[in-house]
There are 2 protein chains.
Amino acid sequence: MLSHESPECQERCSRIFLVLCYGEVMNASRTARERVRAELTREITDIARRHLATDGAPGLSLRAVAREMGMVSSAIYRYFPSRDDLLTALIIDGYNALGEAVEDADAVCPRDDFTGRWLAVCRAVREWALARPHEYALLYGSPVPGYQAPEDTVVAAIRDTVVYGRIISEAYAAGALTPPGGTPAPPAAFAGDAAIVRELMPGVPDDVVAQALVAWTGLFGWVSFELFGQFNNAILNRATAFDHLMRRHAALLGMPA
Amino acid sequence: MLSHESPECQERCSRIFLVLCYGEVMNASRTARERVRAELTREITDIARRHLATDGAPGLSLRAVAREMGMVSSAIYRYFPSRDDLLTALIIDGYNALGEAVEDADAVCPRDDFTGRWLAVCRAVREWALARPHEYALLYGSPVPGYQAPEDTVVAAIRDTVVYGRIISEAYAAGALTPPGGTPAPPAAFAGDAAIVRELMPGVPDDVVAQALVAWTGLFGWVSFELFGQFNNAILNRATAFDHLMRRHAALLGMPA
DNA sequence: CTCATGAGAGAGCATTGCTCTCGCAAAGGA
DNA sequence: TCCTTTGCGAGAGCAATGCTCTCTCATGAG
């Protein structure tokens, strides 16, 4: 008999959860049934992701996915209890894909080229978003109304932020950050939140944390503006402008040119 | 007979367009029929805006609006040819409301307190958004898939930006901008876009234009992050953090503390 | 007074998310 | 090996949506 605390049960539950919510299998599942279930779950999310890419989240229809799989619509509910759960799986996948893209972009840079690493991260975010606008919109656009982000999305959601925080932290530790003066000192009431954010960039003082937030919100603010049409008829040579603004952010963080 | 170029026709067409798309009447309409039509159009958009506020854009249903008006659903189509057109009207209304809030916030500040004016604009945007998250999401979140912003939304969409540009322009003209050094010079390829953006902030050099874009994207990047849940469990004392970051943006623009 | 125009009512179509029941087949225990 | 539990696909069905079409009637212009 399995107790709920037994490693077996935990392992089984977590695998089921992964199959259900992530549409992924870790490796060979135990039984044949579980294997085909994982296969079909993955197929559903793949088709759904394709529909999402072409039609956007509001146009994602469970019935259309079922049709493409040659299933009847009600059968999909064996795999995802609701449309929102399918969307949640896509969201988690999306965060992981973006996080991986950011990790890869950072990984190929020389470790001590902090400006280069930051720029690589910025470009990775932008290019990932431009290649999959609807998926980006699902992650960083308006949240779907009924949707409550499960706690589990959080770990995936901050993968890119973790990379960013490491760059800042390492740059500061290496003494490579000499920010320009003239900026106001963070107020005392900011200390608490700075401490939370500092978990992502250990050892960094409050004013660098604040400036890091400026850069991070600036990056996603730009990408969202560009993708959601706010730059129409206003900014044409977008790659150039983006690049310059991100270099500017690096300089304002005190990174070397 | 009215030619299409006659002032009468143009006036009539533009009024019809306003009623159709803006849900507003300029003043007393000509005939009684037109007056009641304008009244009903306004009532539809009012109810729709209320539904939008509570349920979000995807939950906005033409039939529900019709039901609340005591009409049958098909009758709504006499006023808005499709759901998207109703949404367009709400978008334009939203841009105008936000623009007006920003204008009002700026108007009560001393003209030469540029830092104060910028902070007032920032707070106005954030507070407007926090008070109507769904409406903000409609403006700055993921665009609805089928939706193509008509040219007409543009004038409303940049009302807030116009205020912002004026602050920058006047601050620069007053010699009140002394930005910190150390930022990279804008590349030559940026000049074209800088010229376009400069129409909103006449007389300002390219590097100030670039920094102005940094601040503007930072403002909306923050507000979107805060509203769309990206700060959950990360930043708690949000008003404080927001205020400090916007002060920081002011300082980086070279505004006096 | 006549007649064209505008507008609401109603039925209807295709589509959606989701539920329920039914029946079959595979997995697992005795 | 047999029997039972479990999982899963099929199908019908419900309520709701956006949108179209036709019918009818009142209003307003000539």
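**View 1. Chain A meets chain B, with 53 residues of chain A in contact with 53 residues of chain B.** Please keep in mind that this is a predicted model. Together the two chains bury about 4400 Å², and 69% of that area is on carbon and sulfur atoms. If you go looking for salt bridges across the interface of chain A and chain B, the rule finds zero. Polar contacts do turn up: 13 residue pairs between chain A and chain B, with both residues at pLDDT 80 or more.

**View 2. The side of chain A that touches chain B draws on helices H7 (133-140), H10 (191-198), H11 (206-227) and H12 (238-252), each giving two or more residues.** H11(A) gives the most, with 12 residues. Sorted by class, this side of chain A holds 32 nonpolar, 15 polar and six charged residues.

**View 3. DNA strand D is surrounded by 24 residues.** A:Ser74, A:Arg78, A:Tyr79, B:Arg63 and B:Arg67 are the closest. Both chains supply helices here: H2 (32-55) and H4 (73-76) of chain A, and H2 (32-55), H3 (62-69) and H4 (73-76) of chain B, each with at least two residues of the surface near the strand. That surface divides into nine nonpolar, seven polar and eight charged residues.

**View 4. Here we zoom in on phosphate oxygens of DNA strand D, beginning with one that is 2.7 Å from an N or O atom in the side chain of A:Tyr79.** For the side chain of A:Arg37, the corresponding distance from an N or O atom to a phosphate oxygen is 2.9 Å. With B:Arg83, a polar backbone atom is the partner, 2.8 Å from a phosphate oxygen. Of the strand D atoms within 4 Å of the protein, 47% belong to sugar or phosphate and the rest to bases.

Conventions. Residues numbered from 1 in each chain as written. Chains lettered and ligands numbered in written order. Predicted model: local features only at pLDDT ≥ 70, side-chain atom pairs only at ≥ 80, totals over all residues. Heavy atoms only, no water. Contact = heavy atoms within 4.5 Å. Buried area = accessible area lost by both parts, 1.4 Å probe. Salt bridge = Lys/Arg side-chain N within 4 Å of Asp/Glu carboxyl O. Polar contact = N/O pair within 3.5 Å; in protein donor to acceptor, adjacent residues only side chain to side chain. Helix = DSSP H or I, 4+ residues; strand = E, 2+ residues; numbered from the N terminus. Nonpolar A, V, L, I, M, F, W, Y, C, P; charged D, E, K, R; others polar. Near = heavy atom within 4 Å.
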